Amino acid sequence: MTDRLTIATWNINSVRLRLPIVERFLKTYQPGVLCLQETKCPDGNFPFAPLRKAGYQNIEISGQKGYHGVATISKRPLTETERRKFCDNSDCRHIATDVPFCGRHLRIHNFYVPAGGDELDPHINDKFKHKLDFLDEMEDWLGATTFPCMVVGDLNIAPYEQDVWSTKQLSRVVSHTPLERERLEDVRKAGPFVDAMRCFVPMEEKLYTWWSYRAKDWEAANKGRRLDHVWVTPPLAPKVVNVEVVREARGWDCPSDHAPVLATLEG
DNA sequence: ATGGTCGCTAAGCGA
């Protein structure tokens with residue numbers, strides 16, 4: 001008996017404002033699990049009822065007022081939940097849940113890594129220092145992962161040349177600096193984890209998950225970046241049978257600036 | 001080189 005599970009990740013930039021497109025996405029793509037980032041929603045105001053009504057009975061959240069916030073919603077039971085704080089502050093940037101897959105538990109880490117501000121010098125820019133410290137802590141904590149595990153979410157770094165519209169023009173823009181690209185590779189290798197998206201799209205091809213709100217016509221300009229990621233522990237890699245960016249969702253009414261990413265496991 | 005647009009939550013911050 002083969003098991004099949006689709007996991008989605010999406011920086012939603014306010015789950016309450018965008019509930020209509022979350023419902024549309026769930027109805028259209030029917031993922032087993034959806035990991036949301038930037039819910040911007042205190043726990044008491046989270047829209048549990050409409051998501052349960054959409055078929056997602058199992059919901060684990062870590063939210064705060066105004067900023068950040070993550071949530072994992074699932075058709076399958078979520079048997080274990082962990083909310084980790086990073087960098088000794090109370091930002092809600094991580095939630096891990098266990099979901100049954102293939103007769104055992106799959107741990108799904110849902111991350112929202114700090115964006116890091118604009119200034120490139122971490123001595124001047126506290127937000128960039130926070131981002132680098134967060135990555136250091138991720139590396140230590142996720143290192144030597146031995147059980148079936150996925151890392152998904154908005155990691156706010158586009159690591160490879162073809163993950164941005166112009167690697168030259170973005171080399172001094174936070175999200176694609178050589179330092180961040182190297183640090184993210186260090187985190188990935190510490191798992192170690194396999195970059196599942198790049199297993200399905202060759203390194204030579206452009207691949208984006210985010211398009212700025214500031215472009216007049218995001219689709220025509222197509223100045224995107226791959227800020228959202230799906231990583232798996234090596235034994236899971238051959239079980240990933242599909243990964244895709246749902247680019248159409250960037251064009252829906254009242255969109256997030258991020259598109260969802262779908263990854264399907266079969267085993 | 002600069003400014004461009006969003007979503008909080010009620011002027012400015014974060015992205």
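Good morning. I begin with strand β2, which is covered on both faces: V33, C35 and Q37 are buried on one side, and L34 and L36 are buried on the other. In a regular strand, side chains point alternately to one face of the sheet and to the other. Please bear in mind throughout that this is a predicted model.

How many of the five residues of β2 are buried? The answer is five of the five, so this strand, residues 33-37, is largely enclosed by the rest of the structure. Its partner is strand β1, residues 4-11, and the two pair in the parallel sense over five bridges. Within that pairing, T9 has C35 of β2 as its bridge partner.

I turn now to the open sheet. It has six strands in the order β5-β6-β7-β8-β12-β9, and the pairing is mixed. Which strands form its edges? They are β5, residues 80-82, and β9, residues 194-195, each of which pairs on one side only. In the case of β9, the pairing is with β12, residues 228-232; the two strands run antiparallel and are joined by two bridges. Here V194 stands opposite V232 of β12.

Two helices lie across this sheet. Helix α4, residues 178-190, lies across β9 and β12, and runs at about 30° to β12. Helix α3, residues 126-142, lies across β5, β6, β7 and β8, and its direction makes an angle of about 170° with β7.

Let me stay with α3. Its 17 residues reach 24 Å from the first C-alpha to the last, close to the 24 Å expected at 1.5 Å a residue. Which residues of α3 are buried? They are F128, H130, K131, L132, F134, L135, M138 and L142. The elements that cover them include β7, β8 and α4.

F134 also leads us to the aromatic residues, since it forms one aromatic cluster with F86, F111 and W141. The structure as a whole holds 10 aromatic pairs. Two rings also have a charged group over them. The charged end of R84 sits over the ring of F86, 5.0 Å from the ring centre. Likewise, the charged end of K223 sits over the ring of W165, at 4.5 Å from its centre.

W165 brings me to Y208, as it is among the residues in contact with that tyrosine. Y208 is found in the loop between α5, residues 196-200, and β10, residues 210-211. Is Y208 buried or exposed? It counts as buried because its relative accessibility is 9%, and the cut-off for buried is under 20%. Leaving aside neighbours within four places in sequence, the contacts of Y208 include Q162, D163, V164, N222, G224, R225, R226 and V245. Of these, Q162 is 46 residues away along the chain, yet its C-alpha atom is separated from that of Y208 by 8.6 Å.

My last residue is T264, in strand β14, residues 261-266. T264 has 7% relative accessibility and therefore counts as buried. What is T264 in contact with, apart from its neighbours within four places in sequence? The contacts are R4, L5, T6, K239, V240, V241 and N242. The C-alpha atoms of T264 and N242 are separated by 5.2 Å, although the two residues are 22 apart along the chain. R4, L5 and T6 return us to the opening of this talk, as strand β1 covers residues 4-11 and pairs with β2. Thank you for your attention.

Notes
Residues numbered from 1 in each chain as written. Chains lettered and ligands numbered in written order. Predicted model: local features only at pLDDT ≥ 70, side-chain atom pairs only at ≥ 80, totals over all residues. Heavy atoms only, no water. Pairing = 2+ DSSP bridges. Helix = DSSP H or I, 4+ residues; strand = E, 2+ residues; numbered from the N terminus. Contact = heavy atoms within 4.5 Å. Axes fitted to C-alpha atoms, helices over the stretch in contact; angles between N-to-C directions. Phe/Tyr/Trp six-rings, centres within 6.5 Å; stacked < 30°, edge-to-face > 60°. Lys NZ or Arg CZ within 6 Å of the ring centre and 35° of its normal. Buried < 20%, exposed > 50% of the residue type's maximum accessible area, 1.4 Å probe, protein only. Expected span 1.5 Å × (residues − 1).
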